[in-house]
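Student: I have a model open and want to go through its strands, cores and salt bridges. Can you take my questions one by one?

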Amino acid sequence: MIRLNDITALVLSYHPRADIQIIEKAYVYSAKVHQGQVRLSGEPYLSHVMETAHILAQMKMDVVCIAAGLLHDTIEDTNATPDEIERLFGAEALRIVDGVTKLSKLKFNSAKERQAENVRKMILAMSTDIRVILVKLADRLHNMRTLGFQPPEKQRRIAEETLDIYAPIAGRMGIHWIKSSLEDLCLYYLEPDIYENIQSTIAQRRDERDRFISDVIEILSAKLKEHDIKPIIKGRHKHFYSIFRKMKDQNLDVSQVYDVLAFRIIVDTVRDCYAVLGHVHSMWKPVQGRIKDYISVPKQNMYQSLHTTVIGPYGQRMELQIRTWDMDKVAEEGIAAHWRYKEGGVSGTVDEKQLGWVRQLMEWQQNLKDPGQFLESVRMDLFPNDVYVFTPKGEVKEFPMGATPVDFAYSIHSEVGERCSGAKVNGRMVPLRYKLKNGDIVEIITSPKGHPSKDWLGLVKTSRAKTKIRQWVQSQEREESIRLGKEILEKYVQQEHLSIPNILKSDVLVAAAKELSFRSVEDLLAQIGLGRASARQVLSRIRPKIETKEEKGSGFVSKVVDLWRRRRDPAGIEVTGVSDMLVRYAQCCHPVPGDRVVGFITRGRGVSVHRENCPAIIDSVPERLVPVNWVPPRDEVFPVILRVTSVERKGVLADVSAVITQKDANIARAEIQTTMDRKGISFFTIEVKNTTQLQEITAAIKKVKDVLIVERL
């Protein structure tokens, strides 16, 4: 178990004059409030916060951040209060602890919603103090190291969340060693057999590869020494997760993955970096498409290095990273390097570009209330960005792999995205589905008549573009819903011989919308168009307030029309919690009283009633499904289609028809087909009152001679 002396000694090693009293005070306080708490491993709970603080010290963080690491679970898991934390340790420490604290005391409708809100709060907090996420990463790293004490189901859930959210965040922060550690631990729990296979295969070849690393370092050192370059060269095996990704991407077995070695060459100047690259390529043949210059075009997390893959001295692929000492520090520590102690105090400033992606992420996601959409967008923004393109003026823009000109258009401005009608890449017209490549010069062509398409959602990769396109599509769907709702209401008004001169500005409709808890007439009409509100319900409220037209056609024809209209209204269904809803039976599955049914909200046609197992709604949007119930219907009959398979025999159709008639059901239609193997397939459309009658008919048909199968379609 880590001791307090281990933490303070490590802090004093990189800042001898550090005021470690706040760390000691936080240790005493944390030990007091966590007293008696035990982890699943059997260790005192204090061991977890001590390990978290030690990881932060390994990252060379300041004393306030390390103290926050010791305190990070106090508000969530003990009786400690935010006021007490602020009084004892200051507002800065409280801000970090509060940002890490989960929303465990609030109630959520689902685990996904809880996860989304935790991530949302954490991102909001880290946009003002990046140390929030550094503490959270240290906390998650130790939890992953001790995940084996959790039940298997929880192990998998936490590992998936770590791989989706926290490892990519560590990558975007540039803290490579934490990212790699988290990914390897996730692989251990998510793919234990593959992890074991990789581990055993590498162990078998370790001696051979160690000799290879020594040989390459010796060859490189001698070559560079000839040109007065004195590098530090490090060789290592790649992390297990990176090997796993290569196996998965290229469909390889672990024994077929040859470039599992990586070398890092650290030199004094940028000029030396490019010189080393030239010397390496003069010695060994480079692999085309694997040379990347992150020095001239740094990543968003300010990572800089030259990458190349070559065919090594023994015909084996190997990857080399060439960088300066300063670049190596940023590559290892990432954004955490900005809180390292410097002579005279602490540096707490971070380049605006490094925090820009956090603020953009929060800005783009603040309007996404759906937790699934929010988490999807966060994942999209956190995964590594590898494509760098240029505006016509030479400005560099960074996008995820697979991004298109539409992503580029929305990155300039939402209006440019909405008016995008085409794109030129390197001076040539390209389709909007074109995937951007490194070094492309992109120019967007706009048109006043241009507008987004719903199909664009399948083209774009950035969450900004997806969010903006969704918002535009939703606004268009709202306009269409308002138009449909207006038409439906006008139709009902005409049928009832009433008059509303200007529906959108009608005082009586404004009042009705307010009574029904809608903000405006447009909102009311939109809900009618979506089938979520009933035009009849609205009419019942406004009828006393509007003038009745002179009734026309009140004779025999009108009565017949009214009777026909009433007979078409499904009287055997009610929508749970809603009265007077426009309802119709689905023609795809023909529900019958007694079937388990569900309502589907259609656009402009009210609620369509389906059987629960109807294929038409199995993959539908859950938000458009509503519970419905059968109520005692009038003397109505319902169509059902039966398919009867039988041995081909003269008179079998007549026998089946007779059984149906005996069961007091009407045959609306019948037809028969003959198959190549002399089977007869008959289709009967019959009218029944409920499932009980249908079951009796089905059982009786099965007893008919030579009938093999009876199915309801």
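Tutor: Start with a definition: two strands pair if DSSP finds at least two bridges between them. Helices (H or I, at least four residues) and strands (E, at least two) are DSSP runs, numbered from the N terminus. This is a predicted model: local features need pLDDT of at least 70, side-chain atom pairs count only at pLDDT 80 or more, and totals for chains, interfaces and linings use all residues. Residues are numbered from 1 along each chain as its sequence is written, and side-chain values use heavy atoms, with hydrogens and water left out.

Student: Which residue in E6 stands opposite Val310?

Tutor: Strand E6 covers residues 317-324 and runs antiparallel to E5. Six bridges join E5 to E6. Opposite Val310 stands Met318.

Student: How many residues of strand E5 are buried?

Tutor: Buried means under 20% relative accessible area, exposed over 50%, partly exposed in between (1.4 Å probe, protein chains only). Strand E5 spans residues 306-311 and is mostly covered. Of its six residues, the buried ones number five.

Student: What is the bridge partner of Lys285 in E5?

Tutor: Strand E3 (residues 285-286) pairs with E5 in the antiparallel sense, over two bridges. In E5, the partner of Lys285 is Ile311.

Student: Which helix gives the largest share of the largest nonpolar core?

Tutor: A nonpolar core is a set of buried Ala, Val, Leu, Ile, Met, Phe, Trp, Tyr and Cys residues joined through side-chain atoms within 4.5 Å. The largest one has 96 residues, and Leu56 is among those with the most contacts inside it. Nine of this core's residues, the largest share, come from helix H10.

Student: Where does Asp62 lie, and how far apart in sequence is its partner Arg131?

Tutor: A salt bridge is a side-chain nitrogen of Lys or Arg within 4 Å of a carboxyl oxygen of Asp or Glu. Asp62 and Arg131 meet in one at 3.1 Å, N to O. Asp62 sits in the loop between helix H3 (46-58) and helix H4 (63-71), and Arg131 in helix H9. The separation is 69 residues.

Student: Why does the pair of Arg140 and Glu161 tie together parts of the sequence, and how many residues apart are they?

Tutor: Their closest N and O atoms are 2.8 Å apart. Both residues are buried. Arg140 lies in helix H9 and Glu161 in helix H10, so the pair ties together parts separated in sequence by 21 residues.

Student: Is Asp595, the partner of Arg712, buried or exposed?

Tutor: The closest N and O atoms of this salt bridge are 2.6 Å apart. Arg712 counts as partly exposed, at 23% relative accessibility. Asp595 has a relative accessible area of 12%, so Asp595 is buried.
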